[in-house]
Structures are given as structure tokens and as C-alpha cells.
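Biologist: Please put the model up. I want to ask what stands behind each label.

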Amino acid sequence: MIIKLKPRTTINEISHLTEYIVSLGLSLQTIEGTSHIVINILGDTSKIDAKSFYAFECVDEVVRIQKPYPKVSKTSPQKTIVTVGQANIGDGSLTIIGGPCAIEDFESFDNIAKTLVEYNLTIMRAGVFKPRTSPYSFQGLGQEALDIIKAVKDKYNLAIVSEITDKLQFELLEPYIDVFQVGARNMQNYELLKALGNINKPVLLKRGFSNTIDEWLMSAEYILAGGNKNIILCERGIRTFDNTYTRNTLDISSIPLIKKLTHLPIIVDPSHAAGRWDLIEDLSLAAVAAGADGLLIEVHQNPQTALSDGAQSLKIEKFIELVKKCRKLKQCLDSI
Ligand code: PEP
Ligand code: MN
């Protein structure tokens, strides 16, 4: 971290500031330039709030060099691979996760599960508790959905990803769920993140729709700081000035950025990004081309009658086409 001091800073002010830096357990170098004095703080500054230095009147500017998320940051070429059942997310392969926004009944869930298995897909999404914008919208089947999960999971040997909306749901969900999804609305629910940091099961951490990459990575740091290394990041689109035609804007640039900044795998949810089924395939291909480790896609037997997110859900046939095309593209990319 570098602190630039204001012109005409007195020796007293400098010693006051340097004493404070030393009291934080850090060391420093003072560099006298032609126009400014600069203090270079040495040591682990990840736990220091850079803004706190502005409380000193002599401080003109503070520049952070080390990211405030040291555990999430990429410090070597080594990548984190998160194993979910038979899939290794982040090992260079493409993991496609499909399933309904919310579980509605056994038959339709079973039917989608059968399709996944036919196409060698091993992870299914399954909404149990739905965080809806309106309190009057379908909130998920809760325990009934868990019973359906149990039956289908055992039948097809699928791993299940489902959203946890409150840390109090942990005991209830844990026996049925292989990956805990933290939804966009809960990305900064720090009590939930801390609770998920204390377990070993994988966590799928979605980006909040109004959150920066740094805020997203700070949330991942919460989970890693607790000791849970099994984190999969999920880009699901953000709010921008123009969401006239799409629900959100898919931030494709976050994929290569996450790869540069962190060692964690990243998957993409084009369903919640677009909010409309007719863009899902193109966005999926774009995500694969940009280096995503996987996709999270909403699939429904009959989207017209879906109790949630029907407009963005793919019919099973369309989903199969998407899987085939994305696999082909991945093969091409692997060969270049
Ligand atoms: C979901 O995946 O079901 C969901 C609600 O997504 P998000 O949190 O991204 O809105
Ligand atoms: Mn949904």
C-alpha cells in the first residue's frame, strides 16, 4: 500500500502517521520525491482498511497494491478444482448443469433428470426455496421438493445444486444437497457466507446483480477465510443502464478477469442473465468461448406453465441442442 502525503506535511505529522503504521504490525519506507513524500507500507495489508488513512489530515492519496482478498487471489499458476460427484469443475473440462428453476412435481423433475443422464451430465439444479421478488410469487415446494430430490438423486446418481437462502436452512438441506448455491440476492449475506465457510461441501457463489467483481471476490474470501476451499463462482448477469430487452447484462468480461485475478473456477448462468429463452444458446456459446468452466441452465418440460422463470427456461429439446453445440465448441477451442 502506498500513501502519498500532502505538500507541506510537517515532520510531526509524518511521525504520528508512521507510529500508527508500526502499531498495525507493518513496516514502511519513506520516499522523498521532488514534489511529494510517499510512504510505502510493507507487509500484509490485506486486513487494513485503506480508507482509514484518510483520517490523517496529511494524507493526500492511498493506493492499494495488494488485493483485500488474499486467499482468493491468484498467487501461483495452480487452480482450484472443485469436485462435485463425478465432475471436476475447473480442471479444463466443461460442466453443464441443467434443471428447473424450481422443483414443481416428481414427473417433470424425473424427466429432466433422465435427459441429463442420457447426455452424460452429472449435476442437476433444483430450486427448493425460491427467493422471489414478490412475496405472492411461488416460493418453492420446500420439504416436498426435498423428497422429490431424494427419489430422483438416488435413481440417477446425480449431484444436486440448490439455493440456500438462510443459514437456518442448513440442517434441513444438507442431507439432500451436494452444492449450496448462494443466490445473487444473498451474495452479501455475511452470516450465511460465514456458515458456509465452516463446511466442506462446495458452494456456488453467484454474483449479485449490482455488485462489482471486487465485492464478489470479498464474499468468496469470507467462505475461504472460514476454511472452505470448494468455491465455484457464477456470473449471472448484472444490472446496467439498458435492461430493456434482457433481464440483466451478461458480463462476459468477468470470465477472463476471474481467471486472471483468482484460482477459482467460474461458471455462467445465461438464464438469469438474459431472462429470455431465445438468447440462452448464444450466450452459452459466448461463455464457453470466453473460458467458462461450466454453465448453469434452467430447463423446463413445458415453460409456458412454469411456476417460476418460464420465459427464460429451455425446453428439453433446446437444452439438448445447446449441450451438443457447447461441447463441439469446447472441442474446437481445446484444439487451437
Ligand atoms: C436461481 O438460480 O434460481 C436464482 C434465483 O438465481 P439468481 O440468484 O442469480 O437470481
Ligand atoms: Mn430462476
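Modeller: Start with ligand 1, in what is a predicted model. The residues around ligand 1 are Arg125, Lys130, Glu163, Gln181, Gly183, Ala184, Arg185, Lys206, Arg236, His272 and Glu298.

Biologist: What makes a residue count as near a molecule?

Modeller: One of its heavy atoms must lie within 4 Å of the molecule. By class, the shell around ligand 1 holds 7 charged, 3 polar and 1 nonpolar residues. Asp, Glu, Lys and Arg count as charged; Ala, Val, Leu, Ile, Met, Phe, Trp, Tyr, Cys and Pro as nonpolar; the others, Gly among them, as polar.

Biologist: Which filters and numbering apply?

Modeller: Local features need pLDDT of at least 70, side-chain atom pairs count only at pLDDT 80 or more, and totals for chains, interfaces and linings use all residues; side-chain values use heavy atoms, without hydrogens and water. Residues are numbered from 1 along each chain as its sequence is written, while chains are lettered from A and ligands numbered from 1 in the order in which they are written.

Biologist: How far is an oxygen atom of ligand 1 from the side chain of Arg125?

Modeller: It is 2.8 Å from an N or O atom there. A polar side-chain atom of Arg236 lies 2.6 Å from a ligand 1 oxygen. For Ala184, a polar backbone atom is 2.7 Å from an oxygen of ligand 1. Alone, ligand 1 exposes 290 Å², and the protein buries 97% of that. Those areas use the Shrake-Rupley method with a 1.4 Å probe; for residues, only the protein chains shown count as cover.

Biologist: Which residues are the protein donors of the manganese ion (ligand 2)?

Modeller: Cys101 (SG), His272 (NE2), Glu298 (OE) and Asp309 (OD), at 2.0 to 2.4 Å. A donor is an N, O or S atom within 2.8 Å of the metal (3.2 Å for Na, K and Ca), so these distances qualify. Water is not among the atoms, so sites may look incomplete. Along the chain, the donor spacing is C-x170-H-x25-E-x10-D.

Biologist: Which parts does the pair Cys101 and His272 tie together?

Modeller: Cys101 sits in the loop between β7 (95-99) and α2 (106-118), and His272 in helix α8 (residues 270-274), so the pair ties together parts 171 residues apart in sequence. Helices (H or I, at least four residues) and strands (E, at least two) are DSSP runs, numbered from the N terminus.

Biologist: Why is Cys101 called buried?

Modeller: Its relative accessibility is 3%. Buried means under 20% relative accessible area, exposed over 50%, partly exposed in between (1.4 Å probe, protein chains only). Cys101 is therefore buried. So is His272, at 9%. Asp309 is buried too, at 18%.

Biologist: Is Asn120 buried or exposed?

Modeller: Exposed, because its relative accessible area is 64%. Thr240, at 33%, is partly exposed.

Biologist: What makes the link between Asp269 and His272 a polar contact?

Modeller: Their side chains make the contact at 2.7 Å. A polar contact is a pair of N or O atoms within 3.5 Å; within protein, one must be able to donate a hydrogen and the other to accept it, and residues adjacent in sequence count only if both atoms are side-chain atoms. Asp269 also has a polar side-chain atom 2.9 Å from the backbone nitrogen of Ser271. At 0% relative accessibility, Asp269 is buried.
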